[in-house]
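Reader: Before we turn to pockets, rings and helices, could you show me the model we will be discussing?

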Amino acid sequence: MASLEGTFGSTMFMCTYYLSIGTIAIVANALNIGIYGQNKDMRKRYLYFIAFEVGELLNSISFLLTGAGRMTTLLNGTMTMPITAHECFFRRWWPHTLILGTEVPTLILCLISLERLA
């Protein structure tokens, strides 16, 4: 059976990956918001896309915070210490953003879908 414990190098790669993807996504989402917000007609026409991009911007920030949090835990040497889900949620500062970062864009998409049906 395979071990669930990763190596230092693979975990560091994952943290770097989260940080780089988060940075690229922030730039892309900011660019989209800037383009949609250029004039009044585009702001009115693409209001829901702007709201969705703001949700995705929060998701991008959660990638940065998750990558930084996991990297900090890895470099402190506490990544391999077993903890419960309760301890992770209440003693770590980055899991909350990972949960909210994925839920906000999904909620916005659901609201857009409901608006289109009405």
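Author: What follows is a set of questions and answers on this predicted model.

Reader: What is the volume of the largest pocket, and by what general approach is empty space found?

Author: Rolling a probe the size of a water molecule over the atoms shows where empty space is left. For the largest pocket of this predicted model, the computed volume is about 180 Å³.

Reader: Which helices each supply at least two residues of the lining of the largest pocket?

Author: The lining includes Thr 11, Met 14, Arg 70 and Thr 73, and among its other members are Met 79, Cys 88 and Trp 94. The helices that each supply at least two residues of this lining are α1 (8-36) and α3 (47-76).

Reader: How many residues of each class, nonpolar, polar and charged, does the lining of the largest pocket have?

Author: Arg 70 and Arg 92 are in the lining, and Arg counts as charged. Met 14, Ile 83 and Trp 94 are also among the lining residues, and Met, Ile and Trp count as nonpolar. By class, the lining has six nonpolar, three polar and two charged residues.

Reader: Over the ring of which residue does the charged end of Arg 70 sit?

Author: Arg 70, which is one of the residues lining the largest pocket, also has a contact with an aromatic ring to consider. Its charged end is 5.3 Å from the centre of that ring, and the ring belongs to Tyr 18.

Reader: Why do Tyr 46 and Phe 49 count as a tilted pair, and how exposed is each of the two?

Author: The structure holds six aromatic pairs, and in one of them Tyr 46 and Phe 49 lie 5.9 Å centre to centre, with 45° between the planes. Planes under 30 degrees apart would be stacked and those over 60 edge-to-face, so the rest count as tilted. Tyr 46 and Phe 49 also belong to one aromatic cluster with Tyr 36. As for exposure, Tyr 46 is partly exposed at 25% relative accessibility, and Phe 49 is partly exposed at 39%.

Reader: Is the pair formed by the rings of Phe 89 and Phe 90 stacked or edge-to-face?

Author: At 33% relative accessibility Phe 89 is partly exposed, whereas Phe 90, at 58%, is exposed. The ring centres of Phe 89 and Phe 90 are 5.1 Å apart and their planes stand at 90°, so the pair is edge-to-face.

Reader: What span does α3 reach from its first C-alpha to its last?

Author: With 30 residues, α3 has an expected span of 44 Å at 1.5 Å a residue. Just after this helix, Gly 77 takes a positive phi of about 85°. The computed reach of α3, close to the expected one, is 43 Å.

Reader: Is Pro 95 buried or exposed, and how far is it in space from Thr 66, C-alpha to C-alpha?

Author: Pro 95 lies in helix α5 (residues 95-117), and its relative accessibility of 11% is under the 20% limit, so it counts as buried. Although Pro 95 and Thr 66 are 29 residues apart in sequence, their C-alpha atoms are separated in space by 6.9 Å.

Reader: How far apart in space are Ala 51 and Leu 109, C-alpha to C-alpha?

Author: Ala 51 is found in helix α3 and counts as partly exposed, with 31% relative accessibility. In sequence, Ala 51 and Leu 109 are 58 residues apart, while in space the C-alpha to C-alpha distance is 9.3 Å.

Terms used. Residues numbered from 1 in each chain as written. Predicted model: local features only at pLDDT ≥ 70, side-chain atom pairs only at ≥ 80, totals over all residues. Heavy atoms only, no water. 1 Å grid on protein atoms, 1.4 Å probe; cavity = no way out; pocket = protein on both sides within 12 Å on 5 of 7 lines; lining within 4 Å. Points joined across faces, edges and corners; volume = space filled by probe spheres on them. Helix = DSSP H or I, 4+ residues; strand = E, 2+ residues; numbered from the N terminus. Phe/Tyr/Trp six-rings, centres within 6.5 Å; stacked < 30°, edge-to-face > 60°. Buried < 20%, exposed > 50% of the residue type's maximum accessible area, 1.4 Å probe, protein only. Lys NZ or Arg CZ within 6 Å of the ring centre and 35° of its normal. Expected span 1.5 Å × (residues − 1).
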